[in-house]
Amino acid sequence: MSDTKARRWFAPQNRSETIAGLLFILPALVGFLVFVAGPMVATVVLSLTKYDLLSPPKFIGLANFQRLWGDQRLWKIFGNTGLFALFAVLGNVGLGIVLAVLLNRRMPAPLKYVYRAAYFFPSLVGLVFVAVIWQFLFQKDIGIINFYLGQLGVGPVGWLSNPNVALVSVIILDVWKNVGFAMLIAMAGLQNISSDYYDAAKVDGASAFSMFWRITIPLLSPTILFLLTMNTIGAFKVFESIVVLTNGGPGDATRSLVMYIYEQGFKSLNMGYASAISLLLLAVIVVITALQFFLSRRWAFYE
Amino acid sequence: MSDVVLQAAGRAASRSRWKILLRRSANWLIYGVLGLGALLMVAPFLWMFTTSLRPMREAFSLPPRWLPGLDATVESYQRLLSSTVPMGKFFLNSLTISATVTLGYVATTTIAGYAFARLRFPFKNAIFAILLLSMMVPLQTTVVPLFLLMRWLGLVDTQWAITLPGLTGAFAPGMSGVFGIFLMRQFFLTLPTDLFEASRIDGAGQFRTFWSVALPLAKAQIAALSVIIFTVTWNDYFMPLIFLNSIDKMTLPVGIMSLREPVGNSSAMSEVIAAVALSVLPVLVAFLVAQRWIVDSFIRAGVKG
Amino acid sequence: MTLDRRQFLAGGTALAGTVGLAGIFGLSPSFAAAPPTDTAAALTTYNWGTPDEAKAYAAAFERFKATYPKVTVADNIVPISSWADYADKLVMQIAGGNAPDIINIAIEGLRLSVTKNLLLPLDDLINADPEAKTLVDKMPKQLRDALTVNGKLYEIPNGSQTMVIHYNTKIFQEGGVEPPKAGWTWDDFIAAAKKLTTGDGASKVYGFGLPWFNFAAHPWWLTNGAYPVTEDYAHSNLNHPKMIEAAKFIHSLVHEHGVSPDPIGLNVYDQFAAGKFAMTAAGRWPVTGWVASGFTDFDVALWPTKTTSMSVLGGAGWGISPQSKNPDLAFQAIKELISPKTVKELVAIGQQVPIYEEVAQDPVFLSAPKSAPVIFEALRTARSVAAPAYFSALDRITQRAMDTMIANADPAGVEAAFLSAHQELEAEIANQ
C-alpha cells in the first residue's frame, strides 16, 4: 500500500496530483452526497417522524418501528419478497449456469450465435413491456398458457388470480427475463477456466457430471458469488414486474417491500412509516450481502 | 494370437463406435433442448408482433396465432398513431433522458474512476470504501427524501428530477453510480505505469494526461458502460413514475402503462400491444445490428465487476 | 415547505400550515365582475381525458384566449389508473409545490379534496356572474348535489357517468333469450347469463363479462340496498350483511354459476366487442370506441334489481385550487369549458353523458346505443358513488378484498375478506 501517512499532499511535487485527484472525483462526490448520502440520512430522520407532506413533520420517536413490528401486512409482504428472492435467484443463477455449460460445448458457430441471442434478448427489453405481454399469457380464462394446458387436459390455472400461484407467475417472468444475463456472465467465467483441468480429468476417466461438480463449479465460484449477490439485491428491490403483472394482488399475495414503501409513502402519505420500512429493506440487503461475502471467504476458490 | 488381438480390436472399435453414436445423439438432444428453450424465450415476442398485426376485433381470440397470417393488417398501429396518444413524445422524452443521463454518468464516473485508479490524494481509500458500501443502498430506500429534495428544488414533474442524479454520477435509474466508478477504476488499474511516467516526464499536466493518454485507451470500456447505462435508463419505470405527472412528460414505459387503464381511456388493448411492439422494435433492431458489441459490453461489465 | 427545526424537535404540530392559511384566504375574497381582458397570467390545469377530449379542451382554451390574449393555459392531462391514484397524484403534486389553478376531479375525489383543502367553494364566484349562474342552474340538480359538501358547491359539473348493462343483441337473438326488460331481477339476470354461456375453449362465450373496478361494483351494492360507507360518510360499512350478500352474489357469478370468467387481468370491453360475452356492464364510455371499430350489435338495459332499482352516479367537475393566484381568471376559463359549444364537442366524443339536457337530446348522442334513453333513466334514479374523505384507502382496501374473495372458490371466504377489510379500513380512518 502507498505511504499515504508519510506523504505530504501539498508539497510542490505532489500538489498537482492531489488537487487533480480531488477535483476529478468532485462531481461524483457531490452527486453522491446530495443524492445518495443526504437522502440516506434523511430516511433515518424521517423514520422517526409522522409526515404527510401537507403539514410539517411531527417527531414521534420509535412509534413507526413499533407499528412495523405489529403490522401483519408488512410481514406477509416481507415473506413474499423473501420467497421471491430465494426462488428467483436460484432460478436465474442455477438455470444460467446450466445454460452456460450447455452452450459452451463445441457446436456450429451460427447455432451458438442464435441460441445466445435468443436467451439474452429478453434481458434487454424493458420490464414493463414484457410484463404487459405476459399478463395476456397468464390470464386465467382467455390466456394463452391455459389454452395450451387445456389442450393437454389440464384445468385452467389461476396464474394471476390464485394467491398461491401468483407468486410463482412473477418468479417465472423474472427468470425468463434475467436468465440470459446470468448465462452470459457464467459463459465468460467458464471461458476463463483452463481446459487443462478438463483434459487431465478426462485422462483419469472422469464422467461429465463429476467434472461439472469437481472442476466447473469450484473454479466458477467467484462468478457464481457475483451472480448470487447481484441477483439477490435485485430480487429484493423487485417492483415493476409485480406492479404490471398483478399490482401486488390478489390481495397482498404478490406485494413486494418496495411496493409497500411506495404505497405508504406516496399514496397513504405516511412518509415517516415508509422511511421506516425502507430502513428495514436496507438492513435486510446489508445482512444478506455481508453473509454472502463471508461465505465467499470460506468457499470461493480463487486461482 | 493375432486372432485375439483382432477380436479385441474389433470389440474396441464397436465400443468406440457406440460411444461416438452416444455422444452424437447426446449432442443433438442438447441442441434440441436448447432450441426448445430458445423458442420459449422468443415466443412471447412472436405472439406480440403477430397480435399487433391481427384485425382488431379478433386480436385476442383463441387459438392464439404465432405468425402473421394472410389477414395481417396494420389497423392497430393506425389507430394508435392517429389517436392523439403522444407516442412520439414518449419516445422523444425517453431518448433525451437516456442520452443525457448516459453522457453525464459516463463522464463523471470515468474521470472519478481514473482518479481512484491512478492518482494519489488524501482519504482516497476511505472515500472509495464508503462509495462501495453505498452500492448496497438501493434507490428505493431513499426515494422518499429524494422526492422531498426534488420538491424543494422545484423539479418535480420535470426531466431534471431524473437526469440530475444521473448527470452527477450519483446514480442512473436502476444502477448505482458507484458501478461506473468501480468499472472504470478496474480498467484504468490495468494500464501500465510506464505510460503515465512517460507523460509525466514530458511535463504534461494531470488533466492532459487523462485526456490524451488514458481516455483514448478506455474507448471500449466507455462504450460498454454507455450501452448499459443507456439501456437501464431507457427501460426504467420507477423514477418516471415517482417524479413525472403530466402525460406529455412521460417516457415510453410509463406512457404505455397509462394507456392500459380502463377509466378515462378508450385505447383498445390492441393499441397497447401495438405500442409495446413499437417500443420493442428499436431494441430488436439495435440488437440484431450490434449484437456482438452489446453482448460484449455486458460481459465486459459483468466480468470485470 | 422546509422543515422548521424548532417545531420538528419540539414535536409540536404547526398550526399555521401553508395550506391552512390558503384556506383562510380562500374564504374571504369577494369576487367582483370578470377581470380585465388585458390581464397577463399563466394558468395550469390538472385534467384527465382521452386524447380526443384533450383536443376539445384545447379548442375551448383557444376560445378563452380570444377574450384574454395575454393568458396562457397549460393543460396537463394526467393518466388515470384509478380515481384513488388520480387523487393521490394531485395531492402529491400540490405537496410538490405545483398547485394547479383548474382541477378536473371526479365525485370520488371530492370529499378527499375538500378535507385536504384542495378546492375552493365556488358559490360566490357563480353568484357574481349571471351568465355562469344561468349555465350552472341548468345542470341536473342531482349532479350539483353530488358535488356539494356542507352546503357549498365545490365543483361545477362537467359530465356524468352511470352503469348500465350492455348486451349483445345478436347473441341474445341466436340464443333464443328475450332481451332484458325493465324491472328484471338478479335471478332473471342469472338465468339469461347461464343460458347464454356456451361453447368450450376457443369458442367459449360467457354470459357476463364482469368489470372489476370500484365504480362497476357499486350497482351490485346499490340494487341490494347497501352502501360501502355509513350515511354520514364517517365510517366503513363493509361489514354490513347486505354488502356481504351482494359480494357473495358477485362471487357466485364466477364460481357457482360459471357465467363470468376470472376477472383479474381481463379487459372486458375489448372481449365484449369481440363477441366473447353476452353481456357486460359500463357507462357510456366504451360505446364510441365500439362503434368506431365496427361493432354495433349491442344495446343497453337497466341494472337488474334485488331490493331496489338503482344505479350508481358518477361524474366529474371543474374546481379551482385555493392556492391559485388567479382564481377569477380560472373561473372565466371554466366558463368557457362549460359553454354549450364545448359540451357539444365533448358529446361527439361520447365518453361522458353531457350535462345539458338539450345537448343530450342531440341525435349524435342518441345514435348509439339504440336504447340511449335508458342511460338517462339510470342517471335519474342513481345514487352517487361513495366518496368519503378517506376514498383512497376505501378504494384500495375494497379492491384488495374483492381480489382476495374472487381468488378463493369457497364462498365462505367472502365474509372473511370483507370483515377483515372493514377492520383495516376503520384502522386507516382512525389513523388519518
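User: In this predicted model, does Tyr233(C) count as buried, partly exposed or exposed?

Analyst: Tyr233(C) sits in the loop between helix 11 (214–223) and helix 12 (241–255) of chain C. A residue needs 20 or more C-beta neighbours within 10 Å to be buried and 12 or fewer to be exposed. With 13 to 19 lying in between those cut-offs, the 16 C-beta neighbours inside 10 Å make Tyr233(C) partly exposed.

User: What is the phi of Tyr233(C)?

Analyst: Tyr233(C) is not a glycine, yet its phi is positive. The value is about 65 degrees.

User: Which residue in the loop between helix 3 (87–118) and helix 4 (124–134) of chain B has a positive phi, and how is its exposure classed?

Analyst: The residue is other than glycine, and its phi is near 70 degrees. It has 13 C-beta neighbours inside 10 Å, so it counts as partly exposed. The residue is Phe123(B).

User: How far apart are the end C-alpha atoms of helix 12 of chain C?

Analyst: Helix 12 of chain C has 15 residues, and at 1.5 Å a residue it should span 21 Å. The distance in the model agrees with that expectation. The end C-alpha atoms are 20 Å apart.

User: Which elements do the buried residues of helix 12 of chain C pack against?

Analyst: The buried residues of this helix include Met243(C), Ile244(C), Phe249(C), His251(C) and Val254(C). The partners of the buried residues belong to chain C, and one of them is a strand, strand 8 (206–209). Besides strand 8, they are helix 10 (186–195), helix 11, helix 20 (391–407) and helix 21 (412–431).

User: Which strands stand at the edges of the open sheet of four strands in chain C?

Analyst: The order of the sheet is 8-9-7-10, with mixed pairing. The twist averages 25 degrees from one strand to the next. An edge strand has a single partner strand, so one of its sides is left without a neighbour in the sheet. The edge strands of chain C are strand 8 and strand 10 (298–301).

User: Which residue of strand 9 of chain C is the bridge partner of Gly209(C)?

Analyst: Strand 8 and strand 9 (residues 277–282) of chain C run parallel and are joined by three bridges. In strand 9, the partner of Gly209(C) is Thr280(C).

User: What angle does helix 10 of chain C make with strand 8 of chain C?

Analyst: Helix 10 packs on the sheet and touches strand 8 and strand 9 of chain C. The direction of helix 10 makes an angle with that of strand 8 of about 125 degrees.

User: How many residues of strand 6 of chain C are buried, and which residue is the bridge partner of Gln161(C)?

Analyst: Strand 6 (residues 156–162) of chain C has seven of its seven residues buried, so it is largely enclosed by the rest of the structure. Strand 6 pairs with strand 11 (residues 312–320) of chain C in the antiparallel sense, over six bridges. In strand 11, the partner of Gln161(C) is Gly314(C).

User: Why is chain B described as more spread out than a compact globule?

Analyst: Chain B has 13 helices and two strands. For 305 residues the globule rule gives 19 Å, and the radius of gyration of chain B is well over that, so the chain is more spread out than a compact globule. Its C-alpha trace spans about 90 × 70 × 35 Å along the principal axes. The radius of gyration is 27 Å.

User: What percentage of the residues of chain B count as buried?

Analyst: Among contacts in chain B with a separation of 6 or more, 73% join residues 24 or more positions apart. Of the 305 residues, the buried part is 49%.

User: Which element of chain A gives the most to the side that touches chain B?

Analyst: The contact joins 73 residues of chain A to 69 residues of chain B. By class, the chain A side has 58 nonpolar, 11 polar and four charged residues. The element that gives the most, with 21 residues, is helix 1 (residues 12–46).

User: Which residues is Leu149(A) in contact with, leaving aside its neighbours within four places in sequence?

Analyst: Leu149(A) belongs to helix 6 (residues 144–151) of chain A. It has 15 C-beta neighbours inside 10 Å, so it counts as partly exposed. The contacts are Val154(A) and Val157(A).

Methods: Residues are numbered from 1 along each chain as its sequence is written. Chains are lettered from A and ligands numbered from 1 in the order in which they are written. This is a predicted model: local features need pLDDT of at least 70, side-chain atom pairs count only at pLDDT 80 or more; totals for chains, interfaces and linings use all residues. The radius of gyration is taken over C-alpha atoms; the globule rule is 2.2 Å times the number of residues to the power 0.38. Two residues are in contact if their C-beta atoms, placed from the backbone, lie within 7 Å. The expected span of a helix is 1.5 Å times one less than its number of residues. Ala, Val, Leu, Ile, Met, Phe, Trp, Tyr, Cys and Pro count as nonpolar, Asp, Glu, Lys and Arg as charged, and the others, Gly among them, as polar. Two strands pair if DSSP finds at least two bridges between them. Axes are lines fitted to C-alpha atoms, for helices over the stretch in contact, and angles run from 0 to 180 degrees between N-to-C directions.
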